[in-house]
Every structure is written in structure tokens, then in C-alpha cells.
Amino acid sequence: MLDCVLGLGSNLGDRLGFFRSAARALAQHGEIISASALYESAAVGPEQPDYLNAALRFCTSLAPRALLEQQLAIEHANGRVRRERWGPRTLDLDLLWIAGRVVDEPGLVVPHPELVKRPFALLPLLDVVPDARDPRSGSPYAQLALALDRTSVRELENSRAGWLE
């Protein structure tokens, strides 16, 4: 079983609706253990609307590559169109971290290569796995998060209570 954290992002349309749709689809392939708070962050890349971000702790029997394929299919089913790098999107699903595992293969690197540079990904991950560590270095992500500039990210008020419902 993979014990992993999936990052969710959206800055077009019904952002929360896309998150809920993704969670329902993911639940067909494993178990959602917990959900982070919701965060809003400035977009990386071209000028565009702010992102809604969250993370799900997820356990699945799928191999990492098969999980990635499911994530891409879920994005597509929710209207994701890949036009430009870092462009706006209805739904973005990233495999951020797998407990105790490193994956480094073409098109799939886990932990996510930008995880420790992106508070909009790392803070939600820490909500669902507060003691998560980088499997390469053993460094606690909570310690690495202290050095991040968080000015472009804000936790939405009252978002820890059941946004998946």
C-alpha cells in the first residue's frame, strides 16, 4: 500500500467543486485518510486568478505510475486542458510525497521536486502528515517550512472542518 499525499490546485470555475469531484474519483482507487485546510495562493507563472490549494492523505494499492495515470484522467474529466506551462487550470493533482519512498523516473519524481520551495504545497501536506520527512535527507518538512516565505499563501477561515462533504 502507498501512504501518500496528493496536492490539489484550481484557479478556474468552481474550485472547491473540482476538489470534491477529484476526491470522489480518487476514493474509487483507495482511501482518503484526511484532508488539509484550504489555502489560497498567488499563481506561479503568467498573470491569472489566485489558486485554491489543499492536500489529501491517501492510501492506495496502485503503484506510483498507475496513480499518476489516474490523476491525469481525473484532471481531464474535470476539464483540465494543458495549454501552457504554469497556466490557469480547473484542476491540478500532484503526487507530492510517499511515506519512506523516493521515485525518480521519466515524468514522475516523488517527492515533488519543488515541494520544499512551495508553501502552497508544503503547508497543506503538513496539515495531513505533520511529522512528514524528506525520504532522501530525513529532514522534517516542518523544519524546512519555517524558512519559506508565506506571504503569498493564506489559510481560509474555517476551512479545516469538512470541505470534502
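**Exercise 1. How much accessible surface does the protein chain have, and what percentage of it belongs to carbon and sulfur atoms?**

Solution. Keep in mind that you're looking at a predicted model. Start with the total: the accessible surface comes to about 8,400 Å². Next, take the carbon and sulfur part, which is 50% of that surface. Now turn from the surface to the inside: of the 165 residues in the chain, 45% are buried.

**Exercise 2. Work out how the chain is built up and whether its radius of gyration fits its length.**

Solution. First, list the parts: there are eight strands and four helices. Then walk along the sequence, and you get the pattern β-α-β-β-β-α-β-β-β-α-α-β. Now for the size check. The globule rule gives 15 Å for 165 residues, and the radius of gyration of the chain is 15 Å, so the chain is as compact as a globular protein of that length. The spans of the C-alpha trace along the principal axes are about 35 × 35 × 35 Å. Finally, look at who touches whom: among contacts with a separation of 6 or more, 72% are between residues 24 or more positions apart.

**Exercise 3. Find the largest nonpolar core and say which elements give two or more residues to it.**

Solution. Begin with the members. This core holds 27 residues, and the ones touching the most other members are Phe19, Leu67 and Leu95. Next, trace the elements that supply two or more residues: strands E1 (2-10), E4 (51-60), E5 (92-98) and E7 (108-110), along with helices H1 (15-26) and H2 (64-77). H1 gives the largest share, six residues. Zoom in on Leu67 and skip its neighbours within four places in sequence: its contacts are Leu2, Cys4, Leu6, Leu26, Phe58, Thr60, Leu62 and Leu95. One more thing to spot is a second, separate core of 20 residues, with Tyr39, Leu126, Ala132 and Ala145 among them.

**Exercise 4. Decide whether Gln71 is buried or exposed, and name the residues it touches.**

Solution. Locate the residue first: Gln71 sits in helix H2. Then apply the cut-off, since buried means under 20% relative accessible area. Gln71 has a relative accessibility of 0%, so it counts as buried. Last, leave out residues up to four places away in sequence, and Gln71 touches Leu6, Leu93, Asp94 and Leu95.

**Exercise 5. How far apart are the mean positions of the positive and negative charges?**

Solution. Count the charges first: the chain has 18 positive and 21 negative ones. Then compare where each group is centred: the two mean positions are 2 Å apart.

Key. Residues numbered from 1 in each chain as written. Predicted model: local features only at pLDDT ≥ 70, side-chain atom pairs only at ≥ 80, totals over all residues. Heavy atoms only, no water. Core = buried A, V, L, I, M, F, W, Y, C linked by side-chain atoms within 4.5 Å. Buried < 20%, exposed > 50% of the residue type's maximum accessible area, 1.4 Å probe, protein only. Contact = heavy atoms within 4.5 Å. Rg over C-alpha atoms; globule rule 2.2 N^0.38 Å. Areas by Shrake-Rupley, 256 points an atom, 1.4 Å probe, with all protein chains shown as cover. Lys, Arg positive; Asp, Glu negative; His and termini not counted. Charge placed at Lys NZ, Arg CZ, Asp CG, Glu CD.
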